[in-house]
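Thanks for coming. I will go through the salt bridges and then the nonpolar cores, and I will keep it short.

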Amino acid sequence: MAALVQIERIRKSELHSRVLELNERKRAFYLDPQLPLDRLSLKLEARKATANDVPVPDCVTCGVCCSFALIVPVSHEDTSRLTRYCDILLDDTEDEIVIDRVLPRSEDGRCVHLMGELGRSIGCEIYLDRPRVCREFDAGSDRCHEYRRMFAIEPQLTQDEVSEALKRLDAVPIEVIEDASIVSTGKVKHSSFNVADGTVEYTEAEQLTIVAFLSDEKPHELHTFEYGKEYWFESDLIGMTLEEAASKIKEQAVW
């Protein structure tokens, strides 16, 4: 017998309200980052702000990355392995148009699958089936160490260490998509002719556009598609350069 799948559906505006509320609750439990999180690599081999001799932490005695992130995207490929997730719906339409998918959070803001005590003994209930974004986060990466400093598991950097880390980050600037939105750009009308009785049937579908934002905060329209013929999530292209995003769209889009 197939496992039952628990799916919650909420509008994007409601998700943002929940995240803001959870962040306010959690804010007292961590420090401000010393380094800009959006510029810190998630991969161990790509770290620049962390010295090479800094050891890789043990995940099972940490867990702060799973607690801090309030939005954990679930890709289309991840979905088949999960039995619980939340579908995010487009605002300002009565239709239920799914524009993203995330892991649910508990009332204290932690991932519902995170079990144990932060900084002591922690584990993931769906580790073997965890989403791609979790798999791509490396222990020992720049982002990992910054999270650990924020939760006081590692000591804070000195001002000199912060200055040196920022210099190393500035030396290799990389522009990637930091955020994306899927917005409605109207209706697409179709007509089909029935040869048998000579009637014409008219239908409508939602036309959507993926808009990406980089550090310049300017909107970059990447792709317009018809919902029902293509399915994209807002999180699909985050972390990519515009060139990488264009390549992925060309590979997967229906033309």
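Which residue forms a salt bridge with Lys187? The partner is Glu206, and the closest N and O atoms are 2.8 Å apart. Before I go on, please keep in mind that this is a predicted model. Glu206 sits in strand E7, residues 200-213, while Lys187 sits in strand E6, residues 179-193, so the bridge ties together parts that are 19 residues apart in sequence. The two ends differ in burial: Glu206 is buried, at 9% relative accessible area, whereas Lys187 is partly exposed, at 44%. Glu206 counts as buried because the cut-off is under 20%.

That is one pair. How many salt bridges does a search of the whole structure find? The number is 19.

Let me take another of them. Arg18 pairs with Glu8, and here the closest N and O atoms are 2.6 Å apart. This pair, too, links distant parts of the chain: Arg18 belongs to helix H1, residues 12-26, and Glu8 to strand E1, residues 6-11, with their positions 10 residues apart in the numbering. On accessibility, Arg18 is partly exposed at 32%, and Glu8 is partly exposed at 33%.

Next, Arg81 and Asp78. They form a salt bridge with the closest N and O atoms 2.9 Å apart. Is Asp78 buried or exposed? Asp78 is buried, with a relative accessibility of 3%. Arg81, at 29%, is partly exposed.

Now to the nonpolar side. The largest nonpolar core has 17 residues. Which of them touch the most other members? Those are Leu35, Phe68, Tyr147 and Met150. Three helices each supply at least two residues of this core: H2, covering 64-68, H5, covering 142-150, and H6, covering 159-171.

Phe68 is worth a look on your screens. What is Phe68 in contact with, leaving aside its neighbours within four places in sequence? The list is Lys26, Tyr30, Leu37, Tyr147, Met150 and Phe151. Tyr147 and Met150 on that list were also named a moment ago among the core residues that touch the most other members.

There is also a second core, separate from that one, made of 16 residues. Its members include Leu90, Ile99, Leu214 and Leu237.

To recap the pairs: Glu206 with Lys187, Arg18 with Glu8, and Arg81 with Asp78. That is what I have; questions are welcome.

Conventions. Residues are numbered from 1 along each chain as its sequence is written. This is a predicted model: local features need pLDDT of at least 70, side-chain atom pairs count only at pLDDT 80 or more; totals for chains, interfaces and linings use all residues. Side-chain values use heavy atoms; hydrogens and water are left out. A salt bridge is a side-chain nitrogen of Lys or Arg within 4 Å of a carboxyl oxygen of Asp or Glu. Helices (H or I, at least four residues) and strands (E, at least two) are DSSP runs, numbered from the N terminus. Buried means under 20% relative accessible area, exposed over 50%, partly exposed in between (1.4 Å probe, protein chains only). A nonpolar core is a set of buried Ala, Val, Leu, Ile, Met, Phe, Trp, Tyr and Cys residues joined through side-chain atoms within 4.5 Å. Contact means heavy atoms within 4.5 Å.
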